[in-house]
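Subject: Model for you to look at

Hello,

Here is the structure I promised to pass on. Please open it alongside this note, and tell me if anything is unclear.

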Amino acid sequence: MSDITTYQNYIDNTFVGSDSLIEVRNPANAELLARIPESDDAQVERAIAAARAAQKGWAATPAIERAGHLRRIAAKVRANAPRLAQIITREGGKVPALAEVEVNFTADYLDYMAEWARRLEGEVLTSDRAGEHIFLLRKPLGVVAGILPWNFPFFLIARKMAPALLTGNTIVIKPSEETPINCFEFARLVAETDLPRGVFNVVGGTGAGAGSALTRHAGVDLISFTGSVGTGSRIMAAAAPNITKLNLELGGKAPAIVLADADLELAVNAIKASRVINSGQVCNCAERVYVEREVADAFIDKIASAMAATRYGDPSVEADLDMGPLINQAGLDKVAQMVRTATGQGARVITGGAVADKGRGFHYQPTVLAGCTAEMEIMRKEIFGPVLPIQIVDDLDEAIALANDSEYGLTSSVYTRNLSAALKASRELDFGETYINRENFEAMQGFHAGTRKSGIGGADGKHGLYEYTHTHVIYAQE
Ligand code: NAD
């Protein structure tokens, strides 16, 4: 017990403990890794008050100085990259290579957002009156509550904190109770820098506890949430009495359309990566395939071989793996149940199809299901596991219609060598992102946002930055 770290909340640049604790375990082998605070309402209140007290002074600090703080934090992240990656692997089951990508991408993201310091611009609008000047200013919202998921927990800290701080907001972060250690370690690095008191705060806890306290609080000006549709909906309800502004990055069910003229090797490699990367637990990755009949057999053969060749196991002891475990028992049970339901409805298992026998971890076999149809749950609900359901279509029109017939609208992809088909798909696919002949992975200068139940607002780039500001229009008569 004594060598297990007990982390403390980071409030007003001070580490404060809690009587109530949550255990954090390695999903690959059930090893106890750490304990974190289950923050009560009073601790959440303190964090919001600290962020509030700091906000005016922080907003008055020149943007270029705020950017300097982000850069110094990025440097700390880089200097600690191997240790942070190891933590991400142990608490989230991510393979080491991907954990390293996540840490480096996070540092790059902090630096990227810092570059906006000299580019934040207002507007001067043309007036209808003589001698009148109209100025549109962009101002910070105030205090942001950032609520994080477990699948890219470290990057999500930066995705919320960097645009919030750069634009003059202060923030209270609540990491997922599944993967909080990396966030408390991040707070330790922030504490080693000269970031002013109260600008960045972390409270641990569950969704029902600290998460709910944050989203109900009238002192929060923006709830920036990434997670599931169900939680997003509950957060909207919690925010309603205070009309708190929301930024919701929710689930996905990304369709991949493979046309007869596609480069099949390319499509197979990119779609396999989608189901294997982070064990298929990625919001933007391909979760259902519509393949044109002429190439369906060839595609199914190739993707089944590729999926069957996946090396998977416990990434905290074996470095050279393609895939680790799922995050928890509930995640594993959900994937197993969805596959059972699909086969009961007539889907055929081409490879995999069962829980993997790999000790105490939550491992599921890389799985390909053929013969899927539009009404099957496996083609409609987010799987979040290494399972690929495939449906055969007659042409691009049918594929687009099926792709759009979804409650999700985050990302989509199309594989074709025909320029007209690619352009038609980009015009008709009703999603926030479409990847053409490449893997599903967004750029930090893009805008990651979904239609339908995939969310409200978005993240990254200029448009993501503006989500953390409000406009203030000044009408000045000479
Ligand atoms: P989740 O909704 O279960 O939890 C996310 C966070 O919300 C956690 O910190 C949790 O403690 C908190 N929470 C839970 N209930 C709450 C409540 N009532 N009030 C306030 N906070 C509450 O999601 P998850 O399982 O951690 O993450 C997986 C989901 O996230 C998937 O659906 C995935 O698609 C989605 N996701 C989306 C994006 C995106 O950019 N759109 C990125 C990553 C993950």
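Below is what I found, going from the domains to single elements.

First, how to read it: this is a predicted model, in which local features need pLDDT of at least 70 and side-chain atom pairs count only at pLDDT 80 or more, while totals for chains, interfaces and linings use all residues. Residues are numbered from 1 along each chain as its sequence is written, and side-chain values use heavy atoms, with hydrogens and water left out.

**Domains**

The protein chain is assigned domain 1 (5–250 + 454–477) and domain 2 (254–445); such bounds come from an automatic or database domain assignment. Their C-alpha centres are 31 Å apart. Between them, 29 residues of domain 1 are in contact with 31 residues of domain 2 (contact means heavy atoms within 4.5 Å).

**A sheet of 3 strands**

Helices (H or I, at least four residues) and strands (E, at least two) are DSSP runs, numbered from the N terminus. One open sheet has the strand order 1-5-4 with mixed pairing (two strands pair if DSSP finds at least two bridges between them). Strand 1 (5–6) and strand 4 (21–25) are its edges, each pairing on one side only. Strand 1 runs parallel to strand 5 (residues 32–37), joined by 2 bridges, and Thr 5 stands opposite Ala 34. Helix 6 (residues 181–191) packs on this sheet and touches strand 1, strand 4 and strand 5. The direction of helix 6 makes about 65° with that of strand 5 (axes are lines fitted to C-alpha atoms, for helices over the stretch in contact, and angles run from 0 to 180 degrees between N-to-C directions).

**Strand 13**

In strand 13 (residues 254–258), 5 of 5 residues are buried (under 20% relative accessible area, with exposed over 50% and partly exposed in between; 1.4 Å probe, protein chains only). Ala 254, Ala 256 and Val 258 lie on one side, with Pro 255 and Ile 257 on the other. Strand 14 (residues 286–292) runs parallel to strand 13 through 5 bridges, and Tyr 290 is the bridge partner of Ile 257.

**Helix 11**

Helix 11 covers residues 329–344. Its buried residues are Gly 331, Leu 332, Val 335, Ala 336, Met 338, Val 339 and Ala 342. They share one side of helix 11 because they cover an arc of only 160° around the axis (taken from the directions from the helix axis to the C-beta atoms). These residues pack against strand 16 (367–370) and strand 17 (387–393). On the other side, Ala 330, Arg 340 and Gly 344 are exposed. Just after helix 11, Gly 346 has a positive phi of about 115°.

Best wishes

Key: The expected span of a helix is 1.5 Å times one less than its number of residues.
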